[in-house]
Amino acid sequence: MQRDHGGDIDVAATRYGAGDWIDLSTGINRRPWPVAPLNDHVWHALPTAAARHRLTEVAAGWFHCDPSLVLPVAGASAAIQLIPRTLPHGRAAILAPSYNEHAASLRSAGWKIGEAARIEDMAGADLAVVVNPNNPDGREWRPEALAALAARTGHLIVDESFADPRPDLSLAPLLPENAIILRSFGKFWGLAGLRLGFVIAAPALLRQIAEAAGPWSVSGPALEIGAAAMADHIWADTAVMYHSEASLRLDRLAMAAGWQPAGGTHLFRLYDTGDAATAQDRLARAHIWTRRFPYSDRWLRLGIPGNSQEWDRLTAALRTA
């Protein structure tokens, strides 16, 4: 399976030239939480148990679950690679199309992979994987439906990397014993370089994953910054409001360019452009990078611009797209 990803701005620069690029290929918040300077000891010392405890408590409050169910990890991507090697191997069903790292990681760990178009078709699998809301089309499922699916599978992984603006979608408050929830920090808070994420699972499962992750899997700066950012609910409310309005604005611009909305979330939008290669090329010539997918020659995904200058450049580029 092709392990293509957004964020490959160096590829764009090689192909179209260096310059002031706007990277809309990732779905990462382009209005990041403002990081304040850290005390020197955070950089010089190993991560402390107190800092880890603080982040776990704050994160559990954000996820509306007990802290005993939360494990900080080095990004949701680290958990995606780790968990298939922690669970007993068998037959996995993945709701598709979706984030391709799940299938790639499972396959490399020795799992047999099957794709499903509906969650009802995943019943009976040793492991079911659902991204909620889904990447790239934004499909979503109610927690009650996912809990019912968990009762009919060996284990259930729910990747909630784009769920921070949508707490109503989270399975965390209903957490079944055999479910594992993955949460990203870098996407909503716009700090992907921090490499921070979370696993939410029942204590027995969480202990297995924590043992496989090893000690000090999350850096001291990530613990400190993550706790401060996730406790800042005023910033979070403002970010959700901005992206709620901005996603509608982006849809209007895309439709004016002749594209049709094909789904999305607060942090990215998906469009049927008719010809994704041509649409991406035209935006790239304006140094705006977007995301295509190997399984569709029509879909193009755009993240949300972060300021008026980015909106102006995108608006001008879409007039010719």
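UniProt positions are given in the numbering used here, feature names are shortened, and annotations may be inferred rather than shown by experiment. This is a predicted model, numbered from 1 along each chain as its sequence is written. Local features need pLDDT of at least 70, side-chain atom pairs count only at pLDDT 80 or more, totals for chains, interfaces and linings use all residues, and side-chain values use heavy atoms, with hydrogens and water left out.

**View 1. The annotated domain, residues 47-317.** An unreviewed UniProt entry places the feature "domain: Aminotransferase class I/classII large" here. Over this stretch the chain is 38% helix and 21% strand. Its end C-alpha atoms lie 45 Å apart. Helices (H or I, at least four residues) and strands (E, at least two) are DSSP runs, numbered from the N terminus.

**View 2. Helix 9, residues 233-256.** Helix 9 has 24 residues. From first C-alpha to last it reaches 35 Å, close to the 34 Å expected at 1.5 Å a residue. The expected span is 1.5 Å times one less than the number of residues. Buried residues of helix 9 include W235, Y242, H243, L250 and D251. Buried means under 20% relative accessible area, exposed over 50%, and partly exposed in between (1.4 Å probe, protein chains only). The cover over these buried residues includes helix 3 (49-63), strand 10 (268-272), strand 13 (296-303) and helix 11 (308-318). L248 also sits in helix 9. L248 counts as partly exposed because its relative accessibility is 48%. L248 and R269 are 21 residues apart in sequence, yet 9.3 Å apart in space, C-alpha to C-alpha. After helix 9 comes G258, with a positive phi near 95°.

**View 3. Helix 9 against helix 11.** The two helices pack at an angle of about 20°, with axes 10 Å apart. Axes are lines fitted to C-alpha atoms, for helices over the stretch in contact, and angles run from 0 to 180 degrees between N-to-C directions. Helix 9 and helix 11 are therefore roughly parallel to each other (angles under 35 degrees count as such, over 145 as roughly antiparallel, 65 to 115 as roughly perpendicular and the rest as oblique). Helix 9 contributes Y242, A246, R249, L250, L253 and A254 to the contact, and helix 11 contributes W311, L314, T315 and L318. Contact means heavy atoms within 4.5 Å.

**View 4. Helix 3 and the turn after it.** Helix 3 has 15 residues and reaches 21 Å from first C-alpha to last, close to the 21 Å expected at 1.5 Å a residue. Its buried residues are A51, L55, T56, V58, A59, A60, W62 and F63. They pack against strand 2 (70-73), strand 7 (179-184), strand 8 (197-201), helix 8 (220-230) and helix 9. H64 follows, in the loop between helix 3 and strand 2. H64 is not a glycine, but its phi is positive, about 60°. At 52% relative accessibility, H64 counts as exposed.

**View 5. H102 in helix 5, residues 100-108.** H102 counts as buried, at 4% relative accessibility. Leaving aside residues up to four places away in sequence, H102 touches I80, I94, V129, V131, D159 and L182.

**View 6. Backbone details in three loops.** The A96 to P97 peptide bond is cis, with omega near -5°. P97 lies in the loop between strand 3 (91-95) and helix 5. The N135 to P136 bond is also cis, with omega near 25°. P136 lies between strand 5 (127-131) and helix 6 (143-150). R195, in the loop between strand 7 and strand 8, has a positive phi near 55°. At 40% relative accessibility, R195 counts as partly exposed.
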